[in-house]
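Biologist: I should like to go through the side-chain contacts of this protein with you. Please explain the reasoning behind each answer.

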Amino acid sequence: MVFYKDKLVVKHYLTRQEMGWSAAQDAACRIEELLRDREYINIIFAAAPSQNDFLAALQECKIDWGRINAFHMDEYIGLPMDAPQRFGNYLKDHIFGKVPFRQVYYLGDASVPQEECMRYASLLEKFPPHIVFLGIGENGHIAFNDPHVADFADPFLVKVVDLDLTCRRQQVNDGCFPSLSEVPTHAYTLTVPALLASSYLFCIVPSRLKAQAVYHTLYGEIDEACPASILRTKENAILYLDKDSAALLNLK
């Protein structure tokens, strides 16, 4: 099933495997189209278990990876560099280390947070994103733009944020941390304007735990109380749902 909510295209599937495969096929077609008249393109990736099916399917597609620069959209502050929960390490395990990108730009390598924000922002200015692969959090966040720190007119491309309780609990729900006390309280995030600056957005959202956030994204007010609601204002944005994440929608 396919429908529109404002400018946002919504695609609904019965399983997360079907959802991931369809999103990967759409993304591969868009990548091929963009590379027809460009030497390379720039893509921002989300890191979360919700992306597993999509990232696995994407690697099965015929893509000229050597013409793609890869970025990621957020990273914890305070974890050891080799911690498996670090998003850079997740992405290395799930795609960055599995296909031959032109270049991978990791976030969170510098020891001084504000300097790291400036470093990564300068990279995004040098390599403006063409595509963003993202998800939606249980609190409606995109990247780590939780409701209390999200700013649709943010003057920054990258910033340090504190994570709200729902966001931190999600990391436990996802199985990334054994307890809430082990989840970092602060992180780097690309801001909402940094994400929306991309030409194309592919938002992959499985799981019953995301059903409430999906409902508010599509049917609530477009404001920072549900940061993902901003996707409804974006041309060339697609939201991919499975049966579970669409459970609160009236789909017939």
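Biologist: Is Tyr-76 buried or exposed?
Modeller: The model is a predicted one. The cut-off for a buried residue is a relative accessible area under 20%. Tyr-76 has a relative accessible area of 1%, so Tyr-76 is buried.

Biologist: Which class describes the ring pair of Tyr-76 and Phe-144?
Modeller: Phe-144, with a relative accessible area of 2%, is buried. The ring centres of Tyr-76 and Phe-144 are 5.6 Å apart. Planes under 30 degrees apart count as stacked and those over 60 as edge-to-face. The planes here stand at 50°, so the pair is tilted.

Biologist: How many residues apart in sequence are the parts that Tyr-76 and Phe-144 tie together?
Modeller: Tyr-76 belongs to strand S5 (residues 74-76). Phe-144 lies in the loop between strand S7 (131-134) and strand S8 (158-162). The pair therefore ties together parts whose separation in sequence is 68 residues.

Biologist: How many aromatic pairs does the structure hold, and which class describes the pair of Phe-71 and Tyr-105?
Modeller: The structure holds 19 aromatic pairs. In the pair of Phe-71 and Tyr-105, the centres are 5.0 Å apart and the angle between the planes is 20°. Both Phe-71 and Tyr-105 are buried. The class of their pair is stacked.

Biologist: Which strands does the pair of Phe-71 and Tyr-105 tie together?
Modeller: The two residues lie in parts of the chain that are 34 residues apart in sequence. Phe-71 is in one strand and Tyr-105 in another, so the pair ties together S4 (residues 68-72) and S6 (residues 103-105).

Biologist: Which element gives the most to the largest nonpolar core?
Modeller: In soluble globular proteins, nonpolar side chains tend to be buried together. The largest nonpolar core here has 49 residues, and Phe-45, Leu-58, Ile-95, Phe-101 and Phe-133 touch the most other members. Elements that give two or more residues to this core include strand S3 (41-45), helix H2 (52-58) and helix H3 (87-96). The element that gives the most, with 8 residues, is H1.

Biologist: Which residue has its charged end over the ring of Tyr-40?
Modeller: The charged end in question lies 3.9 Å from the centre of the Tyr-40 ring. The residue that carries this charged end is Arg-102.

Biologist: How many residues apart in sequence are the parts tied together by Glu-235 and Lys-7?
Modeller: The side chains of Glu-235 and Lys-7 form a salt bridge, at 3.9 Å from N to O. Glu-235 is partly exposed at 47% relative accessible area, and Lys-7 is partly exposed at 41%. Glu-235 lies in the loop between helix H7 (211-219) and S11, and Lys-7 in the loop between strand S1 (2-5) and strand S2 (8-12), so the parts tied together are separated in sequence by 228 residues.

Biologist: Is Lys-11, which meets Asp-26 in a salt bridge, buried or exposed?
Modeller: The N to O distance between Lys-11 and Asp-26 is 2.8 Å. Lys-11 lies in strand S2 and Asp-26 in helix H1, so the pair ties together parts 15 residues apart in sequence. Asp-26 is partly exposed, with a relative accessible area of 22%. Lys-11 has a relative accessible area of 16%, so Lys-11 is buried.

Definitions and conventions
Residues numbered from 1 in each chain as written. Predicted model: local features only at pLDDT ≥ 70, side-chain atom pairs only at ≥ 80, totals over all residues. Heavy atoms only, no water. Phe/Tyr/Trp six-rings, centres within 6.5 Å; stacked < 30°, edge-to-face > 60°. Helix = DSSP H or I, 4+ residues; strand = E, 2+ residues; numbered from the N terminus. Buried < 20%, exposed > 50% of the residue type's maximum accessible area, 1.4 Å probe, protein only. Lys NZ or Arg CZ within 6 Å of the ring centre and 35° of its normal. Core = buried A, V, L, I, M, F, W, Y, C linked by side-chain atoms within 4.5 Å. Salt bridge = Lys/Arg side-chain N within 4 Å of Asp/Glu carboxyl O.
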